[in-house]
Amino acid sequence: MTETTIARPWLDTDLSVDERVQLLLDAMTIEEKAGLFFHTMIAIGDLEEPNPVFATPSAREFLESKRMTHFNLLGGAPSGREIAAWHNALQRLAASTRLGIPVTLSTDPRHSFSENPGASILAGPFSQWPETLGLAATRDEELVERFADIARQEYTAVGLRVALHPQVDLATEPRWARQTATFGEDAELAGRLGAAYIRGFQGESFGPGSVSTMTKHFPGGGPQKDGEDPHFPYGREQVYPGGEFELHLKPFEDALAAGTRQMMPYYGMPVGTEYEEVGFGFNKSVITGLLRERYRFDGLVCTDWGLISDSEIFGQPFPARAWGVEDLTPRERMKKVLDAGVDQFGGEANPELLLELIADGEVTEERLDISARRILREKFELGLFDDPFVDEDAADEIVGRADFRAAGEEAQRASITVLANDDVLPFPPGRKLYVEGIDADVAAAFGQVVDTPAEADLAILRLQAPFEERATMFENFFHAGSLEFSEAVIAHVREVAAAVPTVVDVLADRPPILTPIAGVAAALTVNWGASAPALLDVLSGASPARGALPFDLPRSMAAVEASRPDVPFDTADPLFRFGHGLAL
């Protein structure tokens, strides 16, 4: 044995993972164990300084004072090398602590077009792909697994080892703000593609080259009352008027069969079911009864972010998402989460509160050890104790590699879905094009760009699916409310379409009501994150149209409001049905 393994016997690779975990657990103080339970945000920057943008403590305070070693990386950097270099500096700091427990870095999705500090991160230097709904629109398991394998390589190159995804919730409530990161409305498709996603991220066997997947949001976050988001008090209730609670479990069953390592319960609280009416992270009947006992899941369970403590986001106060237990103190909430069977507190950084519970005998060290074993096992199996560092030169070569970018661009093209076409597509080269939402220089490669619809042979308008403005900046990151376009947008489309045959393309992060537009557009397409060149490749016939809808497109808001949030395909007489997509 080396001097290192004598001092730290858990570093002996000849021992089994279980033996190594026990050796480390035996060496840990209560404070060091408590630190394992907290998985909060961190941002790239000086390790000695608090982060001014995200109002978080310094990395040194996190590691040395709070004994925390799990962090969700917010934001990014211009290059893979810069992320990798910061990661290595963080791991060197971790290695200098008493036990040298390495850091586990996690991330929300960062390979698509959306930016939402509560859900996703701009791609930056990484290859860029359609949103998960767009992957679902391809219907292609091999493509989804290939995406996840590429994302795995880019993540591991910079030290990201936990994916806070996939999101296998069913998009059964058309207004729900979080559906862009799902695989759509159909349980079979969501389960099949979710399993492929997990295989790609975790690899053929789980180990040092893997990214651990934290599948969410158990037991299914889709059936939101009025489609509102449970980040906010008005979205706290999940309802099941159609009695379809079990249907929402099916994609999670496929994820478990594929070997997902971790699970995140949702914020929402079930109303009118056999389960306790408290948020799923507090819900023993769901976490222990359903996930642990019925499904025999012994992986790591981490709450969604911010269940315990109130917070301030972009200068606005937001309460803890303690739905159903708002009257409990933060300390009481923490105990209820632990009693439910959860292992980690997402978005929290207050181990001192857990230490109070232990000191007062409300939480035992034996209970700590149950979760600590799961948490440490994951670090050992990811190989973090054996080699926590990454190759900074390789990171620059791997992140955003040319073939990875090309694969992402091809997936963008494959996901674009043609809903209607009155013989204007594909358009031939040399047409006079009037464009909105497309850079004129990009469009110039496909035709002659003109300034007005009256001069054009074809107009191409790109729109965003509608949503309602809410009171705060953070709320407006979550597109919610009505799915109807404003009268001004509809009038403008009609005006252009009256002058020239018009193609309307809509970024369908939620299923928009296209009825007024479908009546006047010569062609109608939807996308889930696609560049202008990718769209124009499809519209011009340079690339075939292959996408198919991952959800129904409702005919009216009245149909949406009359539908049952837990029941798929429940809006009356949809304008376009799940699976619809024309070839060009």
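**Exercise 1. Place Gly481 in the fold and decide whether it is buried or exposed.**

Gly481 is buried, with a relative accessible area of 10%. Here buried means under 20% relative accessible area, exposed means over 50%, and partly exposed lies in between (1.4 Å probe, protein chains only). Before going on, please note that this is a predicted model: local features need pLDDT of at least 70, side-chain atom pairs count only at pLDDT 80 or more, and totals for chains, interfaces and linings use all residues. Residues are numbered from 1 along each chain as its sequence is written, and side-chain values use heavy atoms, with hydrogens and water left out.

Next, find the element: Gly481 sits in the loop between α17 (473-476) and α18 (487-499). Helices (H or I, at least four residues) and strands (E, at least two) are DSSP runs, numbered from the N terminus.

Then look at the neighbours. Leaving out residues up to four places away in sequence, Gly481 touches Arg175, Glu468, Arg470 and Arg510, where contact means heavy atoms within 4.5 Å. Finally, compare sequence and space: Gly227 is 254 residues from Gly481 in sequence, yet their C-alpha atoms are 7.3 Å apart.

**Exercise 2. Work out why helix α20 counts as largely enclosed.**

Start with the count: of the 8 residues of α20 (residues 532-539), 7 are buried, so the rest of the structure largely encloses this helix. Now name them: Ala532, Ala534, Leu535, Leu536, Asp537, Val538 and Leu539.

What do these buried residues pack against? Their partners are two helices, α15 (402-415) and α16 (440-443), and three strands, β16 (458-464), β17 (502-507) and β18 (523-527). As a last step, look past the helix: Gly541 follows α20 and has a positive phi, near 85°.

**Exercise 3. Find what the salt bridges of Glu381, Glu356 and Glu410 link.**

First, the criterion: a salt bridge is a side-chain nitrogen of Lys or Arg within 4 Å of a carboxyl oxygen of Asp or Glu. The structure holds 42 of them.

- Glu381 pairs with Arg261, their closest N and O atoms being 2.7 Å apart. Glu381 belongs to helix α13 (residues 365-381) and Arg261 to the loop between α9 (250-257) and β7 (262-265), so the pair ties together parts that are 120 residues apart in sequence. Glu381 is partly exposed at 25%, whereas Arg261 is buried at 18%.
- Glu356 pairs with Arg331, with 3.3 Å between the closest N and O atoms. Because Glu356 is in helix α12 (residues 351-359) and Arg331 in helix α11 (residues 330-340), this bridge joins parts 25 residues apart in sequence. Glu356 is partly exposed, at 38%.
- Glu410 meets Arg413 at 2.8 Å, N to O. These two are 3 residues apart in helix α15, which means about one helical turn separates them. Glu410 is partly exposed at 31%, while Arg413 is buried at 17%.

To finish, look for a network: salt bridges link Glu141, Glu145, Glu188, Arg192 and Arg199.

**Exercise 4. Identify which residues form the negative surface patch with Asp226.**

The patch consists of Asp226, Glu484, Glu487 and Glu561. Patch members have over 30% relative accessible area and no salt bridge, with like charges joined within 9 Å. Asp and Glu count as negative, and the place of each charge is taken as CG of Asp or CD of Glu.

Now check Asp226: it is partly exposed, with a relative accessible area of 42%. Its position is the loop between β5 (212-218) and β6 (237-239).

Definitions and conventions:
Patches are made of residues with over 30% relative accessible area and no salt bridge: like charges are joined within 9 Å, nonpolar side chains (Val, Leu, Ile, Met, Phe, Trp, Tyr) within 5 Å. Accessible areas come from the Shrake-Rupley method with a 1.4 Å probe; for residues, only the protein chains shown count as cover.
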